[in-house]
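Hi everyone, thanks for coming. I'd like to walk you through one structure today, and I'll try to keep things short. Please have a look at the screen.

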Amino acid sequence: MKLKHGLIFGILFIIIVSYLSVLFVDIVRTKRKEFPEYTFATTSYNDGGSKRQIGLFYKTYYIHVLNPFMTENWLNEDGTIKEEYKNEEYIIGHYIVAWGVSFEKVKSKCIEEYKTNWNH
């Protein structure tokens, strides 16, 4: 009986440690603005290139949206982006969230963070 409980505890311990290791790797990679290792791509959005990937009990989002704060002053006469605004054309962010968090919420957070740090 004791051996059975020990075996069950050992297996559960290995499963939990393995899951936490996988989650930790993906959290670190996301914070470094890299794509996660242990997820699979599920959705690409038609908003400039955003992507969603799903892991076990979490999702990662690569947000890549056209900058909503872009004005006509950013454009050359031919309609191309001026050189000084090339890095501002898209808002980019990497996020790891629980399964229930929507894309729109993450996208709004990314744009809000950009607006807070915007220096124009």
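I'll start with a helix, move on to a pocket, and finish with two individual residues.

One thing before we begin: what you see here is a predicted model.

Let's begin with helix H1, which covers residues 2-31. Is the span of H1 in line with its length? Well, what should 30 residues span at 1.5 Å each? The expected figure is 44 Å, and the C-alpha atoms at the two ends of H1 lie 43 Å apart, so the two values agree. Which residues of H1 are buried? They are Leu-23, Asp-26 and Thr-30. Those buried residues pack against strand S3, residues 58-66, and against S4. After H1 comes Lys-33, and its phi is positive, near 65 degrees.

Now for the pocket. The largest pocket holds about 200 Å³ of space. It is lined by 13 residues, and the ones closest to its centre are Lys-31, His-94, Tyr-95, Ile-96 and Lys-109. Where does the lining come from? H1, strand S4 (90-98) and H2 each supply at least two of its residues. S4 gives the most, with five residues. If you're thinking about chemistry, the lining of the largest pocket divides into five nonpolar, three polar and five charged residues.

Next, a residue from H2, the helix made of residues 103-117: please find Lys-107. Is Lys-107 buried or exposed? Lys-107 has a relative accessible area of 18%, and because the cut-off for buried is under 20%, Lys-107 counts as buried. Setting aside neighbours within four places in sequence, Lys-107 is in contact with Asp-47, Ile-63 and Val-65.

My last stop is Glu-89, in the loop between S3 and S4. With a relative accessible area of 22%, Glu-89 is partly exposed. What does Glu-89 touch, leaving aside its neighbours within four places in sequence? Its contacts are Val-65, Leu-66, Asn-67, Met-70 and Ile-81. So that you can place Glu-89 relative to H1, try Arg-29 as a landmark. Glu-89 and Arg-29 are 60 residues apart along the chain, and their C-alpha atoms are separated by 24 Å.

That's my tour. Thanks for listening, and I'm happy to go back to any part of it.

Conventions
Residues numbered from 1 in each chain as written. Predicted model: local features only at pLDDT ≥ 70, side-chain atom pairs only at ≥ 80, totals over all residues. Heavy atoms only, no water. Helix = DSSP H or I, 4+ residues; strand = E, 2+ residues; numbered from the N terminus. Buried < 20%, exposed > 50% of the residue type's maximum accessible area, 1.4 Å probe, protein only. Contact = heavy atoms within 4.5 Å. 1 Å grid on protein atoms, 1.4 Å probe; cavity = no way out; pocket = protein on both sides within 12 Å on 5 of 7 lines; lining within 4 Å. Points joined across faces, edges and corners; volume = space filled by probe spheres on them. Nonpolar A, V, L, I, M, F, W, Y, C, P; charged D, E, K, R; others polar. Expected span 1.5 Å × (residues − 1).
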